[in-house]
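Hi everyone, thanks for having me today. I'd like to walk you through a protein structure, one part at a time. Have a look at the screen, and then we'll begin.

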Amino acid sequence: AKRAGMDIVYTKWLDGGKPTAADPDAVRSRLVATQINTYAREDVTQATPPIKVARMVLSTAASATDHRGQYKCLIGRHDIRVAFFHAKGSGNVVMVPVKGLAPPGTGWRALKAMYGTREASKCWGNTVTDFMLEVGCEAVVVVPMTFVNRRHGYIVECHGDDFLSAGSAEALDQLDKVLTEKFDTKVLPRVGPPAFGGQVTEGPHLGRIIRWRTEGFEWESNPKHHKDLAELCGLKEGSKGSDDHIIETDELNAEDADVFRQAAIVGLHLSSDRPSLQIAMSKAMGGMMTPLVKHELMLHHVAHDVV
């Protein structure tokens, strides 16, 4: 409902596992809004950079050299805790507290971007953009939420509350400084050559694995997707093909078709990080409407490649 231009939004407790070393069964509860998407709005969308931008950052680290021809770039990673609460809200959202938090009839006006409100991601994106420009970065025009700092020599992209950057140890020191001063920031170990300040040789980002070897940097697709695809296709390590006669144009039964579609989605996610799979997956995805045995076989070939 709306009153005098204000959105009245209910709230709830959201419980989720947050294991710690001291308490493996710990649960984290957070209060979130439950604003429902009931009509189209043009003021709530905040674009995120495509995954290829993260690979571009990695490519920068792999190819950039200093005046002596040395590859000194590292990969920096930052995680912003409770990111939306750092962003200023529009002030047009009034939240109804859950029972027990306030007297009946109480409403809280959200001055910050509240989790569960439609405007939250847009507010956070605006906050990040304004801040990065304030600290001397230039926005990359052709892709969203990607910035270059020519003075200090780093490139950084923001995907939700995760920042990925490339630069020398000195450049990333500067980025650490400005981010920790502005936000509640968790600075993750830098990936790269130890001789130039690398703290670890591999680390996760958006479910993927970034790895440094003496030959350079590597980007590994989400290991969970490898396992999921193999399980959905019924494959185990060392699996071999079958000599049984099959008719490739037969339609899959309803149960097998559902499994095929689940596996195809996993394979599609994998192909975004594995270009060698993209042609095969484009062929297999042709069976999403009416899966045939041949489409299942195509997907099994893809699964064999990733097991």
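Let's start with the whole chain: of its 307 residues, 39% count as buried. Please keep in mind that this is a predicted model.

How many helices and strands does the protein chain have? There are seven helices and 14 strands. The C-alpha atoms fill a box of roughly 70 × 60 × 45 Å, taken along the principal axes. The chain exposes about 17,600 Å², and carbon and sulfur atoms supply 53% of that area. Here's one more figure for the whole chain. Take the contacts between residues at least 6 apart in sequence: 61% of them join residues at least 24 apart.

Now to the sheets. One of them is an open sheet of six strands, in the order β7-β8-β9-β10-β4-β11, with antiparallel pairing. Which strands sit at the edges? They are β7, residues 138-139, and β11, residues 185-191, and each of these pairs on one side only. If you're new to this, strands of a sheet pair through backbone hydrogen bonds, either parallel or antiparallel.

Let's zoom in on one pair from that sheet. Strand β8, residues 146-149, is joined to strand β9, residues 154-159, by four bridges, and the two run antiparallel. You can find Phe147 standing opposite Val156 in β9.

A helix belongs in this picture too. Helix α1, residues 51-63, lies across β4 (74-80), β8, β9 and β10 (162-167). Its direction is at about 160° to β9. Helix α1 also lies across β12, β13 and β14, running at about 165° to β14.

That brings us to those three strands. They form an open sheet with the order β12-β13-β14 and antiparallel pairing. Here the edge strands are β12 (202-205) and β14 (216-220), each pairing on one side only. On average, neighbouring strands of this sheet are turned by 20° against each other, direction ignored. Four bridges connect β12 with strand β13, residues 208-213, and these two run antiparallel. Within that pairing, His205 stands opposite Arg208 in β13.

Keep Arg208 in mind, and follow the chain on to Asn222, in the loop between β14 and α4 (223-232). Is Asn222 buried or exposed? Asn222 counts as buried, because its relative accessibility is 15% and the cut-off for buried is under 20%. Leaving out residues up to four places away in sequence, Asn222 touches Gly207, Arg208 and Leu270. A polar atom of the Asn222 side chain also lies 2.9 Å from the backbone nitrogen of Lys224.

Next, a different loop. Gly91 sits between β4 and β5 (93-96), and at 6% relative accessibility it counts as buried. What does Gly91 touch, if we don't count residues up to four places away in sequence? The answer is Met6, Arg109 and Ala110. For a sense of distance, Gly91 and Val200 are 109 residues apart in sequence and 43 Å apart in space, C-alpha to C-alpha.

Just after that loop comes the pairing of β5. Strand β2, residues 6-17, is joined to β5 by four bridges, and these two run parallel. In β5, Met95 is the bridge partner of Val9. Strand β5 also pairs with strand β6, residues 108-109, over two bridges, this time in the antiparallel sense. There, Val94 stands opposite Arg109 in β6.

Last topic: the cysteines. How many disulfides does the structure hold? Zero. Cys123 is in no disulfide, and the nearest cysteine sulfur, that of Cys158, is 14 Å away. What about Cys158? Its sulfur is 12 Å from the closest cysteine sulfur, in Cys137, so the two are too far apart for a bond. Both of the cysteines we started from are covered up: Cys123 is buried with a relative accessible area of 13%, and Cys158 is buried with a relative accessible area of 2%.

So, to recap with the structure in front of you: find the sheet of six strands, then the sheet of three strands, and look for helix α1 lying across β12, β13 and β14. Thanks for listening, and I'm happy to take questions.

Notes
Residues are numbered from 1 along each chain as its sequence is written. This is a predicted model: local features need pLDDT of at least 70, side-chain atom pairs count only at pLDDT 80 or more; totals for chains, interfaces and linings use all residues. Side-chain values use heavy atoms; hydrogens and water are left out. Two strands pair if DSSP finds at least two bridges between them. Contact means heavy atoms within 4.5 Å. Axes are lines fitted to C-alpha atoms, for helices over the stretch in contact, and angles run from 0 to 180 degrees between N-to-C directions. A disulfide is a pair of cysteine sulfur atoms within 2.5 Å. Buried means under 20% relative accessible area, exposed over 50%, partly exposed in between (1.4 Å probe, protein chains only). Accessible areas come from the Shrake-Rupley method with a 1.4 Å probe; for residues, only the protein chains shown count as cover. A polar contact is a pair of N or O atoms within 3.5 Å; within protein, one must be able to donate a hydrogen and the other to accept it, and residues adjacent in sequence count only if both atoms are side-chain atoms.
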